[in-house]
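Biologist: Could you take one part of this structure and walk me through it closely, saying how each point follows from the computed values? I would like a single connected account rather than a list.

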Amino acid sequence: MYKPFYNLRVRFAQCEMSQNEVARAAGMASSTMTARMTGAQPFDAWQIEKIAQTLSIPPEEYYKYFFDHKKAAG
């Protein structure tokens, strides 16, 4: 089964952080992060920036992690 934001999920694992830990570190509610990660709601710009800071993702790589290419192509 396809899960959105695969690369972001991999980055969580690389940083040895759970989705909930990343949410807390980025100042988000766990439920908000879940809504974003399931594709139910899009990420806001400030959320992308906070999550990227937490996971050490440089701005030039945001597209790899925060934009769901498979969903956009479908």
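Modeller: I start from Q47, which, leaving aside residues up to four places away in sequence, touches M28, T32, R36 and P42. This is a predicted model, and the contacts and angles that I give are to be read as properties of that prediction. Q47 belongs to helix α4, and its relative accessible area is 2%, so it counts as buried, the limit for that class being under 20%.

Helix α4, which spans residues 45-55, also takes part in covering another element, since the cover over the buried residues of α1 includes α2 (19-25), α3 (30-37), α4 (45-55) and α5 (62-66). In α1 itself, residues 6-14, the buried residues are L8, R11 and F12. Because these three cover an arc of only 105 degrees around the axis, they lie on the same side of α1. The general background is that an α-helix has 3.6 residues a turn, so residues three or four places apart point the same way. On the face of α1 turned away from the buried side one finds the exposed residues Y6, A13 and Q14. After α1 comes E16, with a positive phi near 55 degrees.

The aromatic residues add a further set of links, and a search of the whole structure finds three aromatic pairs. In one of them, the ring centres of F5 and F43 are 5.3 Å apart and the planes stand at 80 degrees, so the pair is edge-to-face, the class for planes over 60 degrees apart. Since F5 sits in the segment before α1 and F43 in the loop between α3 and α4, this pair ties together parts that are 38 residues apart in sequence. Both F5 and F43 are buried, and for F43 the relative accessible area is 11%.

F43 also pairs with F66: their ring centres are 5.5 Å apart with the planes at 85 degrees, so this pair, too, is edge-to-face. Here again distant parts of the chain are linked, with F43 in the loop between α3 and α4 and F66 in helix α5, 23 residues apart. F66 has a relative accessibility of 4% and therefore counts as buried. Taken together, F5, F43, Y62 and F66 form one aromatic cluster, while helix α5, which holds F66, is also among the elements that cover the buried residues of α1.

How values were computed
Residues numbered from 1 in each chain as written. Predicted model: local features only at pLDDT ≥ 70, side-chain atom pairs only at ≥ 80, totals over all residues. Heavy atoms only, no water. Buried < 20%, exposed > 50% of the residue type's maximum accessible area, 1.4 Å probe, protein only. Helix = DSSP H or I, 4+ residues; strand = E, 2+ residues; numbered from the N terminus. Arc of directions from axis to C-beta. Contact = heavy atoms within 4.5 Å. Phe/Tyr/Trp six-rings, centres within 6.5 Å; stacked < 30°, edge-to-face > 60°.
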